[in-house]
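Here are some exercises to work through with the model open beside you. Try each task before you read its solution.

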Amino acid sequence: MQVTETQSEGLKRKLSVVIPANDLVSRLDAKLEELKGTANIKGFRPGKVPTAHLKKVYGRSAMSEVMQDAINTTVSETLEKREERAAAQPQVDLPDDQAVINEVLEGKADLAFDVSYEVLPPVELMDFKGIAIEKPVVDIADEEVEAEVTRVFNQNRGFTDKGDDAVVEDGDRLGLSFVGKVDGVPFDGGTSDHAHLTIGSGEFIPGFEEQLVGVKKGGAKEVKVTFPADYNSAELAGKEATFDVSVLHIDGPNKGDLDDEFAKKLGLDDVAAFRAAVKDQMAAALASMSRQHAKRQILDALDEGHKFTVPQSLVDAEFESIWTRVKHEIEAHGRSFEDEGTTEDAAREQYRTIAERRVRLGLVVAEIGNKNDVNVTDEEHQQALIAEVRRFPGQEQQVYDYYRKNQQALAGLRAPVFENKVVDFVAELAKQTDKKMSREELAKLIQADEDEVPQEHHH
């Protein structure tokens, strides 16, 4: 076997490989020997078929299998010898001339082919002790707990239809249909056939709920509001809007007190336990947001601290997967890139940068894991599967079966767990300082993180 390197630029490699005809023929003979024991040919007892006859019957198809095996084995052995890891499946180019291929299949000519691939770059890891992160710390004020306790109480004490003559009062739960417009034109996501809203909950845009008080069941009202300047959709932030609202039904809150009796209905011992459970839930949600922001800072630092060329083939594949999703999202909502305040070219550029960041971080995260024995245990993998199944109430069995039958998807659940363990490993070594802030400030940070690099996950 002869291997000649014909290209070596950056991460790109091209090799010219020749496998001698006699090597292929001896592989073919071994293959035919193997077939001899199992071949079932009329007129011959199993195991007694002469090799020459086998060659006549199976020769060509067996030779094409031998050729494929020889190519695969040669490529992997060559890479191993060269101590290179291919970023993706190497591309094999066989001779175009069918006559040449026929000669090879007949065992009369050497097999010559080209192999092109990109190598994975060596990753020199930075010193993680140089990473500084600010961990958001949010103190939960007593009044915030009380407001949440009241909200949960109002939500769980139940409602009863107030009948056809009902008028909207504070605390009522309404069924609404509405069409929202900016400058007289309906906007995306501003229409609903049947939405639910509890008056006084602050779930809708400021000023919306108050304007419905006093409207009768079946009545309509034009509600005028201004979207907050920091609203999470850039096209709507700070804009004035009108909503044509119809009140479909009005349910009034059931009477009842926030007492031990009520707590027991929720499966808790008493009011104190209910308050504690609400506070724990709030703390857990904030801790998760804090962790998310700290993780983002670590990934940013890892991206900043490792500058190396990444394999184009991996970036292209990552970009295609993101771009397909982005195009689908835009088309599914009947939008265009211009509606989103950008152009297709600018969006492609932005997502190509994101694809490159993800590939680089994927390689860095993998290297940190390998160097420091960070592994996902079977138990952690199982927990990730259970968490995924729980996201689909009512369809648990189908989701579970899907993963059981689809090994690649199941393996894909390891990636986020592995990434989180690597991030935790780096966080232990980084300099962490607590930064006190309000819940709103933390929510804004998370929103800014997501706007900058959407859907962060490296596989």
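**Exercise 1.** Which residues touch the most other members of the largest nonpolar core?

*Solution.* Start with the ground rules: this is a predicted model, where local features need pLDDT of at least 70, side-chain atom pairs count only at pLDDT 80 or more, and totals for chains, interfaces and linings use all residues. Residues are numbered from 1 along each chain as its sequence is written, and side-chain values use heavy atoms, with hydrogens and water left out.

Next, the term: a nonpolar core is a set of buried Ala, Val, Leu, Ile, Met, Phe, Trp, Tyr and Cys residues joined through side-chain atoms within 4.5 Å. Buried means under 20% relative accessible area, exposed over 50%, and partly exposed in between (1.4 Å probe, protein chains only).

Now the result: the largest core has 45 residues, and Ile 131, Leu 302 and Tyr 351 touch the most other members.

**Exercise 2.** Find which helix supplies the largest share of this core.

*Solution.* Helices (H or I, at least four residues) and strands (E, at least two) are DSSP runs, numbered from the N terminus. Helices that each give at least two residues to the core include α6 (271-305), α8 (344-371) and α12 (414-429). The largest share, ten residues, comes from α8. Apart from this core lies another, of 24 residues, with Leu 11 and Val 75 among them.

**Exercise 3.** Locate Glu 83 and Asp 373, and describe their phi values.

*Solution.* Most residues other than glycine have a negative phi. Glu 83, in the loop between α2 (51-81) and β3 (91-93), has a positive phi near 55 degrees and is exposed at 75% relative accessible area. Asp 373, in the loop between α8 and α9, has a positive phi of about 50 degrees and is exposed at 64%.
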